[in-house]
Amino acid sequence: MRDLDALLAVHGETTPRYTSYPTAPHFDATAGAALVGDLMAACRDSAAVSVYLHIPYCDRLCWFCGCHTKQTKRYEPVRAYVDTLVREIEVFGEKAGARPTLTALHLGGGSPSLLKSDDMARIGDVIRSVFDVRTDAEIAVEIDPSDVAEDTLDGLEALGLTRASIGVQDFDADVQAAINRPQSFESTASVADALRHRMNCTLNIDALYGLPRQTSARLVRTIEQVIELQPERVALFGYAHVPWAKTHQRMIADSDLPGRYERLKQADIAARLLVEAGYETIGFDHFALPGDSLAVAARDGHLQRNFQGYTADTAPVLVGFGASAISKYPGGYIQNIVPTNNYRAAVENGETTACKGYALSADDRMRAYAIERLLCDFRLDFSALADRFGEPAWSLAELMKGQVADDDFALAAMDDTIVTVPQDARPFARIVASWMDAYRTPSETARYSQAV
């Protein structure tokens, strides 16, 4: 095992996840509104778009959560938010001037599964009125099993659910107590069975390592139980402890967190169990059965990254609706207003919801593509990059040659035109990607999650 203390002393203890480039801290707080016209034009010109809807409410607040969300014990604020969300989508349709073809819809949060069936139906209706939803479109919803009742299943069926993403984190009761997330294996299995029976949908499971009070032995038992559920995909994320950004994470004692060597051991053990169970490794934190679309995309070289992580969605335009949602199009990014009340006021007053934004330069587009391919394929061919982006690709190649030559930890290897990340260095792939990040400088003030 590498000397992590020495490695991180050289390369830094925190690193972006690179679900976008540039990363969100570099978005301009005043640029979003000016880019809306470009996003609309991209929707009209694109053969396919995908849509993300953000539901920023939970009926309990899990202390590990890093999402933009808030706890509510009453449903009235949620219903009022859906009113606003529906109106935002309607306004988009009025301005779009066409019905873009939708190939993927993702509801995230928060806990979208707390929505009542009639509100899910309203969302489905407005999406189908504004977008031309393909019959084979993937419709995915993030699900907290504690929310799911018969009414929930009715709503998900009306929405047209094709993929359910169930958060598990860890099944150990002591770990669950440390993150305020009680959830039994039995209740999770019951919800998974009900979803498959009613919708014949595929199943994602989200599990975490690096949680408070989590040990390798406890994680092994959780992964064994996850495998029992037979999901088509598993996302194995490292817990991101960012109490400076998410104040509720201060409820987690630093002394309860595993050290960096234990975190790496946990990730390695969990990955080996999943591979032994027949899952293929996708990127640095996903696993999928061979027939799943994510595994097919990885084998074909079409794997992508978006704000949810690895995806098989190849639509060049992602439209985000709801508070804090981010839209992506070939020319840049637009983030909606984050505070829910401010977002709702903007919609109700007929004002733009766009807040932050970023217009990509030619150099940004090249580096974004290079970082994505490296994190998806663990390989980057600069000859192919030059064919796509021209002479500047060779300057980036020279930069990477220097970084590889100066690195004493064998995180990457490079011949004349191709950089690769060896199998045993893939947990550190984000560090290698950061070598191509023009915004990562010693003076950068943005704070990120742990690199390992």
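Start by selecting Lys-328: in strand β15 you will find Tyr-333 standing opposite this residue. Widen the selection to β14 (residues 326-329) and β15 (residues 332-336), and you have two strands paired in the antiparallel sense over four bridges. Pairing here asks for at least two bridges found by DSSP between the strands. Strands and helices are DSSP runs (E, at least two residues, for strands; H or I, at least four, for helices), numbered from the N terminus. Now show the turn: two residues make up the hairpin that joins β14 to β15.

A word on what you are viewing: this is a predicted model, in which local features need pLDDT of at least 70 and side-chain atom pairs count only at pLDDT 80 or more, while totals for chains, interfaces and linings use all residues. Residues are numbered from 1 along each chain as its sequence is written, and side-chain values use heavy atoms, leaving out hydrogens and water.

**Next stop: a three-stranded sheet**

Select β17, β19 and β18, which in that order form an open, antiparallel sheet. The edges belong to β17 (379-381) and β18 (413-414); each has a single partner strand, so one side of each is left without a neighbour in the sheet. Zoom in on β18 and β19 (residues 418-420), an antiparallel pair held over two bridges. Pick Ala-413 there, and its bridge partner in β19 is Thr-420.

**Bring in the helices**

Add helix α12 (residues 362-377), which lies across β17 and β19 and runs at about 135° to β17. Such angles run from 0 to 180 degrees between N-to-C directions, with axes fitted to C-alpha atoms, for helices over the stretch in contact.

Then colour α14 (residues 392-406): α12 packs against α14 at an angle of about 50°, with their axes 11 Å apart. The two helices are therefore oblique to each other (angles under 35 degrees count as roughly parallel, over 145 as roughly antiparallel, 65 to 115 as roughly perpendicular and the rest as oblique). To see the contact, meaning heavy atoms within 4.5 Å, show Met-366, Arg-367 and Ala-370 in α12, which meet Pro-392, Ala-393, Leu-396 and Leu-399 in α14.

**A walk through the salt bridges**

The whole structure holds 32 salt bridges, each a side-chain nitrogen of Lys or Arg within 4 Å of a carboxyl oxygen of Asp or Glu. Select Asp-144 and Arg-181, whose side chains meet in one of them at 3.8 Å, N to O. This pair links distant parts of the chain, 37 residues apart: Asp-144 is in the loop between β5 (132-143) and α5 (150-159), and Arg-181 in the loop between α6 (173-179) and α7 (185-199).

Are these two buried or exposed? Asp-144 counts as buried at 4% relative accessibility, and Arg-181 is buried too, at 6%. Buried means under 20% relative accessible area, exposed over 50%, and partly exposed in between (1.4 Å probe, protein chains only).

Move on to Glu-280 and Arg-299, which form a salt bridge at 3.0 Å, N to O. Glu-280 sits in strand β9 (residues 280-282) and Arg-299 in helix α10 (residues 293-300), so the pair ties together parts that are 19 residues apart in sequence. Glu-280 is partly exposed at 25% relative accessibility, and Arg-299 is partly exposed at 48%. For a last selection, take Arg-79, Asp-83, Asp-118, Asp-119 and Arg-122, which salt bridges with shared partners join into one network.
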